[in-house]
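Visitor: I am new to this structure and should like to learn how to read it. May we look at it together, one feature at a time?

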There are 2 protein chains.
Amino acid sequence: MRKDSRLSRVLHVLIHLEMADQPVTSDKMAEMLSTNPVVVRRTMALLRDRGYVRSSKGHNGGWSLAKPLDEITLLDIHKALGEASVFTIGLTDEHTNCPIEHAVNASLKDVMNEAEKLMLKRFGEITLDLLGAEFKT
Amino acid sequence: MRKDSRLSRVLHVLIHLEMADQPVTSDKMAEMLSTNPVVVRRTMALLRDRGYVRSSKGHNGGWSLAKPLDEITLLDIHKALGEASVFTIGLTDEHTNCPIEHAVNASLKDVMNEAEKLMLKRFGEITLDLLGAEFKT
DNA sequence: TCATCATGTAACTTTAATTGTTACACAATA
DNA sequence: TATTGTGTAACAATTAAAGTTACATGATGA
């Protein structure tokens, strides 16, 4: 099953951003991430919409933090990226009226909701400066 | 992100299987699931490999349970389907030696592991007869 | 002011993985 | 022995994300 590594990538970039004393261009980031500047802009735009980063044009332009890392949580970034669900496991579309199908889906949904809730709670507890701190030790 | 609904589908089918007094053909199942008999065989073959179901050929052939539902857990089926991870969130390939990237991935991995562990624990606690029981009430 | 650097974004192509399909071999049974 | 069913290889279709191209627009500094 395909994985979405935007979260991992963008966190990586944000922490680098904090250490830079100048805006960092999409080109530089793309190079870091072995990807394309347009892809970077697409993803970063989602964060800008939420006020976590800023972009500027022209000479010495690029991306910079709009908020200190200790005020941004993993959950914030995860939400900004707008992935519908964290699970690869999906439920069947219940176009039938089969009560068994409904029961199965309800059970699965319960378990997945519980796990997702736990995960998002943890994400909410981790600010991005902690990620940076961890590597500095 | 694409979802894998094989788990949901196959559970649905297994509970139906229990109630059938004859083997059920791949064609019937495919119709139930609005899919293709070959797809059904592919998925069911994974369960047969683990001894949860049996298949027989010829007249009155088809699929039947090889184990009572109260001896099969959600976790058993999940494992049989062989999905690598339950999460849509992936980590970057660490071809670089960037310590920040490593730290970010380690943190994400921690949180995901914890959530996955919880989820699989719950899956292990739910036997398939419980799913059926739930709908009967 | 104007060449240059940078983002913004639409439109399109590529990629990767599953799912669906076709075709045919093989086995069981009425 | 015709029919019913699985087993499986090989291929096509689908789909969603990622990548790419192209060009507009804005900012900056020489």
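Guide: Let us begin with a single contact to the DNA. A backbone N or O atom of Met1(B) lies 2.8 Å from a phosphate oxygen of DNA strand D. Please keep in mind that this is a predicted model.

Visitor: Which side chains of chain A have an N or O atom beside a phosphate oxygen of DNA strand D?

Guide: Thr35(A) is one of them, with a side-chain N or O atom 2.5 Å from a phosphate oxygen of DNA strand D. Asn36(A) is another, and there the distance from a side-chain N or O atom to a phosphate oxygen is 3.0 Å.

Visitor: Which residues come nearest to DNA strand D?

Guide: There are 26 residues around DNA strand D, and those that come nearest are Thr35(A), Arg42(A), Ser26(B), Arg41(B) and Arg48(B).

Visitor: What part of DNA strand D do the atoms within 4 Å of the protein belong to?

Guide: Sugar or phosphate accounts for 61% of these atoms of DNA strand D, and the rest belong to bases.

Visitor: Which elements supply the surface near DNA strand D?

Guide: Both chains take part. Chain A supplies at least two residues from each of α1 (6-19) and α3 (37-49), while in chain B the same holds for each of α3 (37-49), β1 (53-56) and β2 (62-65). The element that gives the most is α3(B), with four residues. By residue class, this surface near DNA strand D has 12 polar, nine charged and five nonpolar residues.

Visitor: How should one describe the interface between the two protein chains?

Guide: The size of an interface is often given as the accessible area lost when the parts come together. Between chain A and chain B the buried area is about 4,400 Å², and carbon and sulfur atoms give 72% of it. In terms of residues, 47 of chain A are in contact with 47 of chain B.

Visitor: How many salt bridges and polar contacts are found between chain A and chain B?

Guide: The count of salt bridges is two. One of them joins the side chains of Arg122(A) and Glu114(B), at 2.8 Å from N to O. Across the interface, 14 residue pairs are in polar contact.

Visitor: Which elements of chain A give two or more residues to the side that touches chain B?

Guide: They are α1, α4 (74-81), α5 (99-125) and α6 (128-136) of chain A. The largest share, 16 residues, comes from α5(A). On this side of chain A, 25 residues are nonpolar, 13 are polar and nine are charged.

How values were computed: Residues numbered from 1 in each chain as written. Chains lettered and ligands numbered in written order. Predicted model: local features only at pLDDT ≥ 70, side-chain atom pairs only at ≥ 80, totals over all residues. Heavy atoms only, no water. Near = heavy atom within 4 Å. Polar contact = N/O pair within 3.5 Å; in protein donor to acceptor, adjacent residues only side chain to side chain. Nonpolar A, V, L, I, M, F, W, Y, C, P; charged D, E, K, R; others polar. Contact = heavy atoms within 4.5 Å. Buried area = accessible area lost by both parts, 1.4 Å probe. Salt bridge = Lys/Arg side-chain N within 4 Å of Asp/Glu carboxyl O.
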